[in-house]
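Please open the structure in your viewer and keep the selection tool at hand. The tour below moves from stop to stop, saying at each one what to select and what is there.

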Amino acid sequence: MAKSVEVRLFINGKFTPSSDGGRFPIKSPYSGKIIAEVYEATEDDVNRAVAAAKAAFPTWSTLSPTERGRPMAQLAIILETLHDEFADLEALSMGRPVSGYFDSRGAAQIFKQYSEAGFNTRGTSSLNTPGFVNMTFRQPYGVAAAIIPWNVPMYFLAKKLAPALITGNTVVLKSSEKAPLTSLKLATLLNTAGFPAGVINIISGSGTSGAALASHMDVRVLSFTGSTRTGRIVHKTAAESNLKKVISELGGKCPAIVFDDADIPDAVEGTQHSIQWNSGQTCMANSRIYVHRNISDSFIEKFKASFSSARLGDPTDPTVNHGPQADELQHKTVRQFVELGNQSGTLALGGVEMNGLFIPPTIYTETPEDAKIMREEVFGPVVNINTFEHEDDVIAKANDSEFGLYAAVYTKDIDRALRVSQRLEAGTVGINCTSPTTAVDMPFGGYKGSGIGREGWSESLDNFLETKTVLIKVHHIPSNN
């Protein structure tokens with residue numbers, strides 16, 4: 001790498017090696033070369049980070065929202081100037097093409113918005129109990145923990161840090177062992193932005209350090225984004241320790257339904273981008289597409305042409321829009337699903353071995369609904385396209401999943417669109433649009449195994465605030481009459 005990268009843990013305002021000196025390698029999924037060896041947080045390091053956050057909490061929480069927002073706004077300004085550096089780090093460490101990288105600018109916008117949101121967190125009052133004036137206080141939990149995924153790390157970092165901080169919490173954030181470099185790069189900016197020591201602590205590590213956070217008795221609230229399998233472990237660990245609050249956004253097996261009156265080119269463009277973006281490594285990718293039989297031939301041919309036009313190659317090349325899978329394990333997992341797809345469905349595109357860690361855009365048709373590739377999250381550029389004839393049948397198929405993160409409906413019939421969206425078991429439904437489309441001021445989260453709780457503009461503020469009821473008995477004032 002042209003520039004040196006930070007690989008140490010950021011605890012109490014300072015960078016420090018891990019307590020045992022242990023490191024883990026970060027390999028470029030494109031070149032296979034080791035680009036950094038990052039210190040891995042031990043349980044002792046987690047304890048130090050939580051202790052630093054706990055010590056910083058009393059002062060931070062008593063600052064006004066304006067004072068807490070000031071370093072957040074400054075961080076947003078700095079992030080805007082460093083977009084290319086963050087894009088290069090993500091391309092080198094986990095194969096994200098620089099051409100589609102938006103995370104640092106998205107993170108800057110989130111920090112800017114939340115820096116001005118502190119005065120929105122007000123309690124309520126009531127005179128409904130005779131003889132009392134009652135009210136509620138909204139107060140921070142104390143030490144908050146955040147565990148972020150590897151596929152869009154900077155964006156999730158901001159989505160968790162910003163609302164936790166502006167509401168007065170202090171934070172320990174753990175990045176994924178697959179993609180820790182941008183989180184550590186951000187840590188290098190915190191002192192310059194003006195954050196007091198201990199308010200934000202950033203550690204790197206595997207599930208061991210994540211488990212230490214989930215079980216820590218001084219952590220009172222935890223926000224987690226990752227797989228459903230790991231999410232179950234996090235919820236269980238949190239419950240068995242101090243019953244800390246957990247907000248989780250988990251996996252998906254997201255359906256898109258294309259009716260025969262849909263704008264076919266628009267549906268093709270949206271659905272293929274959803275599954276191809278970030279090499280299919282997103283929880284809300286529409287990996288199941290149901291197309292009405294009347295238009296299936298036309299849709300599939302146009303989808304194949306669009307999907308096959310992906311430009312694979314070096315993720316640092318601005319003309320490339322499809323990088324390798326994030327690492328060898330991720331590549332192996334997707335290849336296993338491809339083999340299963342070859343056995344259960346009809347291969348319409350891709351499905352071949354490629355050099356390195358690349359998976360080509362792959363399409364299967366006519367796949368049985370009970371096939372493993374239709375039931376489980378692939379997390380790669382692999383899509384199953386099946387046909388349908390009747391509305392009730394396709395809704396039943398779309399809902400026949402333990403996931404419920406995102407769904408999409410393409411139709412020109414607004415009555416049908418609203419009817420179907422009401423029946424779909426998903427936290428977000430796009431009408432004539434699909435993932436990764438979201439709205440800043442709308443909640444996001446999943447039904448069923450796709451998570452518990454929601455993140456969003458006001459929802460995220462609520463996630464990091466306790467509600468306290470205060471009852472004030474008022475003695476009657478004698479009348480002058």
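Two strands count as paired here if DSSP finds at least two bridges between them. With that in mind, and remembering that this is a predicted model, begin with the hairpin.

**First stop: a hairpin**

Select strand E3, residues 23–27, together with strand E4, residues 34–39; the two run antiparallel and are joined by five bridges. Within this pairing, Phe24 stands opposite Val38 in E4. Now show the side chains of E3, where Phe24 and Ile26 point to one face and are buried, whereas Arg23, Pro25 and Lys27 point to the other face and are not buried. This follows a general pattern, in that the side chains of a regular strand alternate between the two faces of the sheet. Moving along to the turn, you will find that six residues lie between E3 and E4 in the hairpin, and that Gly32, in the turn, has a positive phi of about 80°.

**Second stop: an open sheet**

Next, select strands E5, E6 and E20, which form an open sheet of three strands in the order E5-E6-E20, with antiparallel pairing. Strand E5 (125–126) and strand E20 (465–473) stand at the edges and have a single partner strand each, so one side of each is left without a neighbour in the sheet. Follow strand E6, residues 132–140, alongside E20, with which E6 pairs in the antiparallel sense over nine bridges. To fix one position in this pairing, pick Phe137, which stands opposite Lys468 in E20.

**Third stop: the second largest pocket**

Turn now to the second largest pocket, which holds about 720 Å³ of space. Its lining comprises 33 residues, of which Tyr155, Lys159, Thr438, Ala439 and Phe444 are the closest to the centre of the pocket. The elements that give two or more residues to this lining are helix H4 (103–114), helix H5 (153–166), strand E18 (428–431) and helix H15 (457–463). H4 supplies the largest share, five residues. If you colour the lining of this pocket by class, it shows 19 nonpolar, eleven polar and three charged residues.

**Last stop: a residue of helix H5**

Finally, select Leu161, whose place is in helix H5. Is Leu161 buried or exposed? Leu161 has a relative accessible area of 0% and is therefore buried, the cut-off for that term being under 20%. Leaving aside neighbours within four places in sequence, Leu161 is in contact with Phe111, Val171, Leu173 and Ile200. Add Ile110 to the selection and compare the two separations: Leu161 and Ile110 are 51 residues apart in sequence, and 9.6 Å apart in space from C-alpha to C-alpha.

Technical notes: Residues are numbered from 1 along each chain as its sequence is written. This is a predicted model: local features need pLDDT of at least 70, side-chain atom pairs count only at pLDDT 80 or more; totals for chains, interfaces and linings use all residues. Side-chain values use heavy atoms; hydrogens and water are left out. Buried means under 20% relative accessible area, exposed over 50%, partly exposed in between (1.4 Å probe, protein chains only). Helices (H or I, at least four residues) and strands (E, at least two) are DSSP runs, numbered from the N terminus. On a 1 Å grid over the protein atoms alone, a cavity is a set of points where a 1.4 Å probe fits but cannot get out, and a pocket is an open set with protein on both sides within 12 Å along at least five of seven lines; lining residues have an atom within 4 Å of a point. Grid points are joined across faces, edges and corners, and a volume is the space filled by probe spheres set on the points. Ala, Val, Leu, Ile, Met, Phe, Trp, Tyr, Cys and Pro count as nonpolar, Asp, Glu, Lys and Arg as charged, and the others, Gly among them, as polar. Contact means heavy atoms within 4.5 Å.
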